[in-house]
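Please open the model in your viewer and keep the sequence panel beside it. The tour goes from one selection to the next and says what is to be found at each stop.

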Amino acid sequence: MTSKLFLFQICLFLSCSCIAQTNQLKSWRHGLDMKLHDIPKEELIEEMRFEHGKDDTINVIRFDHIGNGIYPLLISSSLPVPTDSLGFLAFKLQRDSLYDFLDMIDNVNPKVYSRKTDEVLIRVTYRFEGRVAQYYVTNTRITTHFFKMIERKLIPYKEPGALERFYSFVGRTGTRIRVHGKTTWKY
């Protein structure tokens with residue numbers, strides 16, 4: 001029942017986002033290409049549109065699961081709107097929270113800059129204070145700790161729907177498992 005409710009909420013979110021869209025949506029194939037292929041980081045960020053239109057200065061982050069997850073996760077201080085018919089998961093953070101969050105993401109070490117897959121591969125692309133950057137997180141153990149760090153950062157922000165959308169994105173990565181009826185981190 002809860003999965004049907006969640007699916008309904010995602011569909012409602014996507015349809016409302018599409019109503020606010022003034023540009024023609026690109027094909028689902030374009031969305032898959034953006035997710036699965038080695039697209040320049042500038043192109044990934046420049047393609048984003050927001051509820052108030054195109055914005056070349058807003059701080060934003062995009063997580064892509066290069067694998068069996070379909071929807072990228074976008075986080076910004078202004079709600080992103082779809083540019084292709086594949087869709088995405090998204091939520092807003094207050095400007096000061098987003099700055100704090102992106103500062104953490106920017107200072108993650110060590111960073112991997114190749115697409116070499118080791119069980120799971122997450123592409124992290126972001127614009128922070130006008131600078132566009134990208135790195136990858138791989139290996140289930142490392143990725144699990146990376147996601148736990150993000151979860152610890154999101155909990156105190158108390159943004160409505162943020163954790164649910166984050167868990168939706170994380171769900172297809174294999175880093176969270178069910179043990180005795182409860183969902184927990186793999187490592």
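Begin by selecting helix H5: at 1.5 Å a residue its 18 residues should span 26 Å, and its end C-alpha atoms are 26 Å apart, which agrees. The expected span used here is 1.5 Å times one less than the number of residues in the helix. Helices (H or I, at least four residues) and strands (E, at least two) are DSSP runs, numbered from the N terminus.

Before going further, please note that this is a predicted model, in which local features need pLDDT of at least 70 and side-chain atom pairs count only at pLDDT 80 or more, while totals for chains, interfaces and linings use all residues. Residues are numbered from 1 along each chain as its sequence is written, and side-chain values use heavy atoms, with hydrogens and water left out.

**The two sides of H5**

Stay with H5 and colour its buried residues, which are Thr 140, Thr 143, Thr 144, Phe 146, Phe 147, Ile 150, Glu 151, Leu 154 and Tyr 157. Seen down the axis of H5, these buried residues fall within an arc of 160°, so they line one face of the helix; the arc is that of the directions from the helix axis to the C-beta atoms. Buried means under 20% relative accessible area, exposed over 50%, and partly exposed in between (1.4 Å probe, protein chains only). An α-helix has 3.6 residues a turn, so residues three or four places apart point the same way. Now turn to the other side of H5, where Ile 142, Arg 152 and Pro 156 are exposed.

**The whole protein**

Zoom out to see six helices and nine strands in the protein, whose 187 residues are 48% buried. The protein exposes about 10100 Å², of which carbon and sulfur atoms supply 54%; accessible areas come from the Shrake-Rupley method with a 1.4 Å probe, and for residues only the protein chains shown count as cover. Among contacts (heavy atoms within 4.5 Å) between residues at least 6 apart in sequence, 57% join residues at least 24 apart.

**Aromatic rings**

Next, show the side chains of Phe, Tyr and Trp. Rings of these residues, taking the six-membered ring of Trp, pair if their centres lie within 6.5 Å; planes under 30 degrees apart count as stacked, over 60 as edge-to-face and the rest as tilted. By this rule the count comes to nine aromatic pairs. One of them joins Phe 63 and Phe 146, which are edge-to-face, 6.3 Å centre to centre and with 65° between the planes. Phe 63 lies in strand S2 (residues 60-65) and Phe 146 in helix H5 (residues 140-157), so the pair ties together parts that are 83 residues apart in sequence. Phe 63 is buried, at a relative accessible area of 2%, and Phe 146 is buried as well, at 5%. Select Tyr 126 and Tyr 135 next: their ring centres are 6.2 Å apart and their planes at 80°, so this pair is edge-to-face.

Now select Phe 63, Phe 146, Phe 147, Phe 166, Tyr 167, Phe 169 and Trp 185 together, since ring pairs link these residues into a cluster. Add Arg 176, whose charged end sits over the ring of Tyr 167, 4.1 Å from its centre, and over the ring of Trp 185, 5.0 Å from its centre. A charge sits over a ring if NZ of Lys or CZ of Arg is within 6 Å of the ring centre and within 35 degrees of the ring normal.

**Phe 169 and helix H6**

From the cluster, centre on Phe 169, which lies in helix H6 (residues 162-171) and is buried, with a relative accessible area of 3%. Not counting residues up to four places away in sequence, Phe 169 touches several residues, including Phe 63, Tyr 71, Leu 89, Ile 122 and Phe 147. The C-alpha atoms of Phe 169 and Tyr 71 are separated by 7.1 Å, although the two residues are 98 apart along the chain. The buried residues of H6 are Ala 162, Phe 166, Phe 169 and Val 170. They cover an arc of only 95° around the axis, which puts them on the same side of H6.

**Backbone stops**

What is the peptide bond from Asn 109 to Pro 110, cis or trans? It is cis, with omega near -10°, and Pro 110 is found in the loop between helix H4 (95-106) and strand S6 (121-128). In that loop between H4 and S6, select Glu 119 too; Glu 119 has a positive phi of about 80° although it is not a glycine, and is exposed at 59% relative accessibility. Finish at Glu 129, in the loop between S6 and strand S7 (131-138), which has a positive phi of about 55°.
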